[in-house]
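Please walk through this structure with the ligand site as the starting point, then move outward to the strands.

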Amino acid sequence: MTTQPVSTTTEVLIPQIDWQSEEFHSGIDRAVAAIADHQRGPGIARSQRGIEVVAYEAAAEIVKNTDFTLGMAARLDSRGVEGTATRGAFLNFLFSRDGQEHLRARKACAPWFASSSAERVRGHVSEWLDSWLDEAASQSNDYDFLGGIANRLPSTLFCLLVGAPLTDAPLVAHLSQECMLTSAPPQPDHPDRLEIAATLTTAYLLGLAELRRQQPGDDLLSFLVAAQDRGEIDLDDILAVVFNALVGSTDTTSAQICCNAEALAANPEQWQLLKQEPDRVPHAVTELMRYNPGAWSITRSSRTATTYKGLDITPDDIIFPDIFAANNDPAVFEDPRRLDITRPHPKPPLNFGAGVHGCLGRMFSLLEQEEVLRAMLRRWDSYEVLEAEFTGAMFFLVPQKLRVSFTATSAQS
Ligand code: HEM
């Protein structure tokens with residue numbers, strides 16, 4: 001991979017970490033232990049990929065600081081991504097945009113993302129989960145939770161959100177997985193795969209926008225197409241939102257659903273508490289996201305050459321506010337490696353970012369995670385993880401396998 005050397009005209013002593021080493025690739029407990037000493041003081045460390053921000057306050061500060069951007073250009077450059085379709089699509093994303101360009105598109109779609117839109121889909125999500133868990137009833141000894149639930153739900157919901165046929169869900173899941181290569185540890189074949197995925201996804205979404213123009217509904221695309229017809233936004237703004245939503249909603253939520261299931265299985269007393277007090281589900285989801293995040297880091301780059309915590313940096317340097325570390329900073333979350341669905345959160349866990357680019361779809365993701373838990377609690381007395389495999393540590397976890405066995409509740413068996 002291409003590394004991102006940080007300029008050091010000012011010599012500042014900051015700790016070094018090796019993000020490729022075993023300690024960052026064998027589960028979050030070891031990764032958190034490996035950065036614990038660096039969370040005091042400026043709260044940063046240097047790694048081969050850039051600057052790691054590992055303290056909660058420092059990570060929250062840089063995520064909200066508008067002198068820094070998501071750094072998509074630096075991210076694509078560092079991966080040798082030169083394809084026109086990839087660069088055109090990814091640099092246009094809502095979270096890659098700045099200033100007026102960002103504000104116009106965000107203002108146009110924000111009313112639709114309000115929580116009432118999320119509540120309108122809750123019933124559908126719950127029905128789908130019930131029917132999928134019905135299918136699972138005969139596989140209690142070995143159930144493919146990843147294929148049966150986690151990978152299926154977010155892509156199906158995305159189809160509903162943009163007014164696509166629900167049968168497009170496998171295509172959406174595939175396109176999203178390929179596009180998410182920009183957030184994976186870099187590999188030589190990624191630029192070509194990304195170019196194909198960006199071309200196909202753009203064509204798919206443009207075709208869908210045209211269909212929604214002819215047959216409007218109450219979906220996000222119809223809402224945006226109407227705003228375009230009123231002259232408030234253009235087609236690039238529409239793509240900025242829906243392409244971003246496709247890539248940002250599908251694999252992120254799949255991974256988080258798997259991380260939640262894995263963490264609860266490892267903490268059966270917390271599962272039992274939820275069985276007794278299911279009203280705790282919404283707070284439990286926030287705690288599960290804090291404790292076992294699917295997305296480990298986000299990225300930032302400075303707009304101009306500047307100094308960051310004593311380091312001279314340029315727009316080519318990539319800074320990684322590390323969610324896995326910030327969410328486990330003992331200065332904010334007492335005894336952070338204890339999963340406790342009753343604990344207060346003095347500050348919000350950073351999974352959904354913060355500030356002007358804070359996640360627009362968080363209500364949808366939260367309701368998906370909540371409904372998955374509720375469906376499991378309704379149908380299963382207990383469950384165990386038979387096999388779990390995740391790749392992508394330090395960037396964004398990609399579940400490769402999650403197989404469980406479960407004991408159905410007596411009403412179900
Ligand atoms: C567990 C699931 C999710 C996680 C962890 C997540 C995380 C994030 C984060 C960290 C950001 C801010 C990026 C930055 O500042 O660099 C963001 C932005 C965004 N997310 Fe999510 N997200 C999730 C689910 C969703 C869903 C379900 C949707 C849509 C239905 C969505 C749509 C968006 C959009 C459109 C933005 C861009 C907002 C802007 O730039 O103004 N996300 N998300």
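In sorting residues by class, Ala, Val, Leu, Ile, Met, Phe, Trp, Tyr, Cys and Pro count as nonpolar, Asp, Glu, Lys and Arg as charged, and the others, Gly among them, as polar. On that basis, the shell around the ligand holds eleven nonpolar, 13 polar and two charged residues. The model is a predicted one.

Of the 26 residues around the ligand, the nearest are H102, R106, R300, H357 and C359. C359 is the only protein donor of the ligand's iron atom, with its SG at 2.3 Å. This cysteine sits in the loop that runs between α15 (323-326) and α16 (362-379).

Polar contacts to the ligand involve both side chains and backbone. An N or O atom in the side chain of H102 is 2.7 Å from an oxygen atom of the ligand, and a polar side-chain atom of R300 is 2.7 Å from a ligand oxygen atom. At G248 a polar backbone atom lies 3.4 Å from a nitrogen atom of the ligand.

Two helices, α5 (99-113) and α12, each give at least two residues to the shell. The largest share, six residues, is that of α12.

Helix α12 also leads to the sheet. Three strands form this open sheet, in the order β4-β10-β9 and with antiparallel pairing. Its edge strands, β4 (143-144) and β9 (380-391), each pair on one side only. Helix α12 (residues 235-266) packs on the sheet, where it touches β9 and β10, and its direction makes about 125° with that of β9. Between β9 and β10 (residues 398-408), the antiparallel pairing extends over ten bridges; F406 in β10 is the bridge partner of Y383.

Terms used. Residues are numbered from 1 along each chain as its sequence is written. This is a predicted model: local features need pLDDT of at least 70, side-chain atom pairs count only at pLDDT 80 or more; totals for chains, interfaces and linings use all residues. Side-chain values use heavy atoms; hydrogens and water are left out. Two strands pair if DSSP finds at least two bridges between them. Helices (H or I, at least four residues) and strands (E, at least two) are DSSP runs, numbered from the N terminus. Contact means heavy atoms within 4.5 Å. Axes are lines fitted to C-alpha atoms, for helices over the stretch in contact, and angles run from 0 to 180 degrees between N-to-C directions. Donors are N, O and S atoms within 2.8 Å of the metal (3.2 Å for Na, K and Ca); water is not among the atoms, so sites may look incomplete. A residue is near a molecule or strand if one of its heavy atoms lies within 4 Å of it. A polar contact is a pair of N or O atoms within 3.5 Å; within protein, one must be able to donate a hydrogen and the other to accept it, and residues adjacent in sequence count only if both atoms are side-chain atoms.
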